[in-house]
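Thanks for making the time this morning. I would like to take you through one model, region by region, and I will try to be careful about what can be said of each.

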Amino acid sequence: MASPSQWIAGARPRTLPNAVVPVMVGTGVAIGEGGFVWWRAVLALFVALSLQIGVNYANDYSDGVRGTDDQRVGPMRLVGSRTATPREVLTAALGCFALAAVLGLVLVVVTQAWWVLLVGAAAIAAAWFYTGGKHPYGYRGLGEVAVFVFFGIVPVMGTAYVQTEHLSWAALIASIPVGLLSCSMLVVNNLRDVGTDGQAGKRTLAVLLGAERTRTLYVACQVVPFVVALAMIPITPWAALVLLAAPLAVSPIRAVLSKAVGPALIAVLQQTGKLQMAYGLLFAVGLAIIF
């Protein structure tokens, strides 16, 4: 039986910035537009966290039963390491998705925006079919596209919407750097596993592009968010605050460009998460001040 610490490790805490940052930035937009509602922001955060942990457990289950985690460089997987049974991990994943659905339904009811149900259903489906089902899209190089949409555009705009009750261009533009930073987490994760994934038949974008092009993609996902923020300065000058986070990008970019492989990229993943959190916090503050 897996211990509580092993379940926490299986939830992959280092990926949680993917859930936290979009909600921070969406809330920054809501504050700037004068529509901040704290309890709706908190509910949105729990929805995002439940989805992130749920997709992590779902990936653990699906990859584990396929055998693609039998030889692994990265953090422990519950099913692949035989620490927990597939049924237990599947139950945990479905429980997280159910919690996200219930909390999301509360937000739908209070906003009366019933179309959001379709967005929520699409998010849960994307979380499951990333590595689940007969034809997982994560095995076809589409993982980064889904991450950009469901850990960038959807949560930033959704968080802002459930508070302000209107869609805005500010939220859409702000979602772009958030989505790219979320993608950078997946890119470096897949770069680390490019060898074993290829052998296991898991054709991630990193496998399709090859290691060198994947390294270039990682750098782009780190640099473009700062370019977007700089482009916003004429309209939102406080967006320049994100430049304070730029030094945090130096070490992971240097490691990736120096051809770090395997375990060395685990540290890069951690550094990427720190950059993502710092950027998200500074960006949220800048958006809250100017709009």
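Let me begin with Cys183, which counts as buried because its relative accessibility is 6%, and buried here means under 20%. This is a predicted model, so please hear every value as computed from predicted coordinates. A second cysteine, Cys96, also counts as buried, in its case at 16% relative accessibility. Is Cys183 in a disulfide, or in no disulfide? It is in no disulfide, since the nearest cysteine sulfur, that of Cys221, is 5.3 Å away, whereas a disulfide needs the two sulfur atoms within 2.5 Å. For the model as a whole, the count of disulfides comes to zero.

From the cysteines I move to the interior. The largest nonpolar core has 39 residues, and within this core Leu51, Tyr57, Leu78 and Val89 are the ones that touch the most other members. Which helices supply at least two residues each to this core? They are H2, H3, H4, H5, H6 and H7, and the largest share, 10 residues, comes from H3. As general background, nonpolar side chains in soluble globular proteins tend to be buried together.

Helix H3 comes up again when we turn to the surface. There, a nonpolar patch is formed by Ile31, Phe36, Trp38, Trp39, Val42, Phe46, Val106 and Val110, which together have about 720 Å² of accessible area. Two elements give two or more residues to this patch, namely helix H3, residues 38-66, and helix H4, residues 86-111. Of these residues, four come from H3, and that is the largest share of the patch. To take one member, Trp39 lies in helix H3, and with a relative accessible area of 34% Trp39 is partly exposed, because that value falls between the 20% limit for buried and the 50% limit for exposed.

Next, the aromatic rings, where the count comes to six aromatic pairs. One of them joins Tyr61 and Trp128, a stacked pair with 6.1 Å from centre to centre and 25° between the planes. Tyr61 lies in helix H3 and Trp128 in helix H5, residues 116-129, so this pair ties together parts that are 67 residues apart in sequence. Trp128 itself counts as partly exposed, at 22% relative accessibility.

How are the rings of Phe226 and Tyr279 arranged? Their centres are 5.3 Å apart and their planes lie at 85°, so the pair is edge-to-face. This pair, too, links distant parts of the chain, with Phe226 in helix H10, residues 211-232, and Tyr279 in helix H12, residues 264-290, 53 residues apart. Both Phe226 and Tyr279 are buried, and together with Phe283 they form one aromatic cluster.

I will finish with two loop residues whose backbone may catch your eye. Arg12, in the loop between helix H1, residues 4-10, and helix H2, residues 17-32, has a phi near 55°, a positive value in a residue other than glycine. Glu165, in the loop between helix H6, residues 143-164, and helix H7, residues 169-192, likewise is not a glycine and has a positive phi of about 65°. As for their surroundings, Arg12 is buried, with a relative accessible area of 9%, whereas Glu165 counts as partly exposed at 39% relative accessibility.

Technical notes. Residues numbered from 1 in each chain as written. Predicted model: local features only at pLDDT ≥ 70, side-chain atom pairs only at ≥ 80, totals over all residues. Heavy atoms only, no water. Patch = residues over 30% accessible without salt bridge, like charges linked within 9 Å, V, L, I, M, F, W, Y side chains within 5 Å. Areas by Shrake-Rupley, 256 points an atom, 1.4 Å probe, with all protein chains shown as cover. Salt bridge = Lys/Arg side-chain N within 4 Å of Asp/Glu carboxyl O. Buried < 20%, exposed > 50% of the residue type's maximum accessible area, 1.4 Å probe, protein only. Phe/Tyr/Trp six-rings, centres within 6.5 Å; stacked < 30°, edge-to-face > 60°. Core = buried A, V, L, I, M, F, W, Y, C linked by side-chain atoms within 4.5 Å.
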